[in-house]
Amino acid sequence: MAELKQDPTHPLKHEQCYLCFMTLVEPPPANAPSREELRRPHKEYMARLESEGRLFGAGLLKNDKEKETSAVGYGMFILRAETRAEAEAIAFQEPNTKAGLRIMKVIPWSRGEGDINISISFTNGTVKIDRRSYLLDNG
């Protein structure tokens, strides 16, 4: 197989994304549903964004091993969107934000560098994504 060569002065087109930082509202609004009640709707919302190809990544801003948190916010997700209006229309529908339990800050990000390595082994039934491995259910 020929080696793939890319001229670093002519990179691939940048992908327009938005960083969506969420901070918790403390104390929560008196009339808002509980965070526990919104856990499932939040997960369903994020799964829908992922299935639509809009979600680049998401998670909490913490490192449990180091007992480290961030002053930037509670969590974040990276949303693929062409414009701020499009990003805000999607981001502000996040159930916790919509219910007033979180404040959403939307920041533009033009992704230009980085890589994702994916390996699928049919022999041992594993998928490797970057440094993580997953065993496939062969049911």
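Q: What makes helix H2 a helix that lies across E1, E5 and E6?
A: Helix H2, residues 84-91, lies across these three strands and runs at about 145° to E6. Helices (H or I, at least four residues) and strands (E, at least two) are DSSP runs, numbered from the N terminus. Such angles run from 0 to 180 degrees between N-to-C directions, with axes fitted as lines to C-alpha atoms, for helices over the stretch in contact. Contact here means heavy atoms within 4.5 Å. A word on the source: this is a predicted model, where local features need pLDDT of at least 70 and side-chain atom pairs count only at pLDDT 80 or more, while totals for chains, interfaces and linings use all residues. Residues are numbered from 1 along each chain as its sequence is written, and side-chain values use heavy atoms, leaving out hydrogens and water.

Q: How do you know on which side of H2 the buried residues sit?
A: The buried residues of H2 are Ala 87, Ile 90 and Ala 91. They cover an arc of only 95° around the axis, so they are on the same side of H2. That arc is taken from the directions between the helix axis and the C-beta atoms. Their cover includes E1, helix H1 (35-51), E5 and E6.

Q: Why is Tyr 45 called buried?
A: Buried means under 20% relative accessible area, exposed over 50%, and partly exposed in between (1.4 Å probe, protein chains only). Tyr 45 has 5% relative accessibility, so Tyr 45 counts as buried. Phe 77, at 0%, is buried too.

Q: What makes the pair of Tyr 45 and Phe 77 edge-to-face?
A: Rings of Phe, Tyr and Trp (its six-membered ring) pair if their centres lie within 6.5 Å; planes under 30 degrees apart are stacked, over 60 edge-to-face, and the rest tilted. Here the centres are 6.4 Å apart and the planes stand at 75°, so the pair is edge-to-face. Tyr 45 is in helix H1 and Phe 77 in strand E5, so the pair ties together parts 32 residues apart in sequence.

Q: Why is Phe 56 called partly exposed?
A: Its relative accessibility is 29%, so Phe 56 counts as partly exposed.

Q: How do you know that E1 and E5 pair?
A: Two strands pair if DSSP finds at least two bridges between them. Strand E1 (residues 15-24) and strand E5 (residues 75-80) have six bridges, in the antiparallel sense. One partnership to look up is Phe 21 with Met 76 in E5.
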